[in-house]
Amino acid sequence: MADSPAGARRLRVYRQGESMGAAGDLDFALALLQRARSGQLGPSLRLYRPQPTVAFGQRDANLPGFPTAAEACRELGFEPLVRKAGGRAAAYHQGTLVIDHIEPHPDAIVRAKARFSEFGELLAGALRSVGVHAAVGEIPGEYCPGEFSVHGEDPDFPAHRIKLIGTAQRVVSGGWLFSSVIVVENSKPIREVLSASYAALGLEWDPATAGAANDLLPHLDVQTVEDAVVEAYRGYAEILDGDFRTLTG
């Protein structure tokens with residue numbers, strides 16, 4: 001997997017203790033990408049738990065119902081933002097884990113699509129390692145649909161599948177940013193805000209596809225999943241611990 005020979009990669013992991021706020025967290029990821037492309041930051045993994053946010057896609061923001069959708073988000077305690085990446089609205093809060101994987105690369109576009117498959121499988125493997133029946137692939141009716149979403153199956157009712165991870169990528173000259181959101185805990189508010197948002201936008205979806213990993217395994221929490229993700233990344237690169245404070249100056 002990935003852009004350099006196995007055994008030659010090093011990845012520094014930065015665990016962000018507190019959110020910078022909904023907009024601040026999104027903007028900081030882009031700032032880290034700029035540092036990477038300019039040679040100021042090496043391969044890095046940033047892990048954090050975000051404030052309640054609904055990240056709309058550019059197409060969403062152009063729909064007539066967007067102002068109503070944004071207001072519905074605020075009423076439910078979520079901040080509406082428009083992200084630079086594609087896709088449809090996705091919701092997350094402090095019961096989710098956001099993973100920003102940033103790397104400098106001289107020709108970042110070359111393996112852009114392959115990263116979706118490879119990191120989707122890596123993250124699905126992390127969930128399987130803690131007992132979730134997880135696999136890569138879009139499920140019918142899911143929110144912010146994507147070919148390489150990660151879903152989980154209810155072991156007692158295999159036909160019931162829920163989306164657990166959405167991924168997005170931004171590629172620029174000199175580097176790439178691969179972002180993933182894992183919904184681990186407290187799925188009800190996410191389902192509610194997505195239902196209100198998609199209704200306002202006039203988009204069809206199946207609310208039963210929105211869930212959290214601990215809907216399938218009630219004992220799971222964000223810290224357990226975070227540790228599993230870092231462990232899964234050991235198969236990708238040598239993991240080095242980073243101090244997040246060094247990123248903020």
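A disulfide is a pair of cysteine sulfur atoms within 2.5 Å. The model is predicted: local features need pLDDT of at least 70, side-chain atom pairs count only at pLDDT 80 or more, and totals for chains, interfaces and linings use all residues. Residues are numbered from 1 along each chain as its sequence is written, and side-chain values use heavy atoms, leaving out hydrogens and water.

**Exercise 1.** Find how many disulfides the whole structure holds, and explain the result for Cys144 and Cys73.

*Solution.*
- Start with the count: a search of the whole structure finds zero disulfides.
- Take Cys144. Its closest cysteine sulfur is in Cys73, 14 Å away, so a bond is ruled out as too far.
- Check burial (under 20% relative accessible area is buried, over 50% exposed, in between partly exposed; 1.4 Å probe, protein chains only).
- Cys73 is buried at 0% relative accessibility.
- Cys144 is buried too, at 14%.

**Exercise 2.** Describe the largest pocket by volume and lining.

*Solution.*
- Fix the term. On a 1 Å grid over the protein atoms alone, a pocket is an open set of points where a 1.4 Å probe fits, with protein on both sides within 12 Å along at least five of seven lines; lining residues have an atom within 4 Å of a point.
- Read the volume, the space filled by probe spheres set on the points: about 790 Å³.
- Count the lining: 39 residues, with Arg83, Ala85, Thr167, Ala168 and Ser179 nearest the centre.
- Find the main contributor. Strand β9 (strands are DSSP E runs of at least two residues) gives the largest share, seven residues.

Key
Helices (H or I, at least four residues) and strands (E, at least two) are DSSP runs, numbered from the N terminus.
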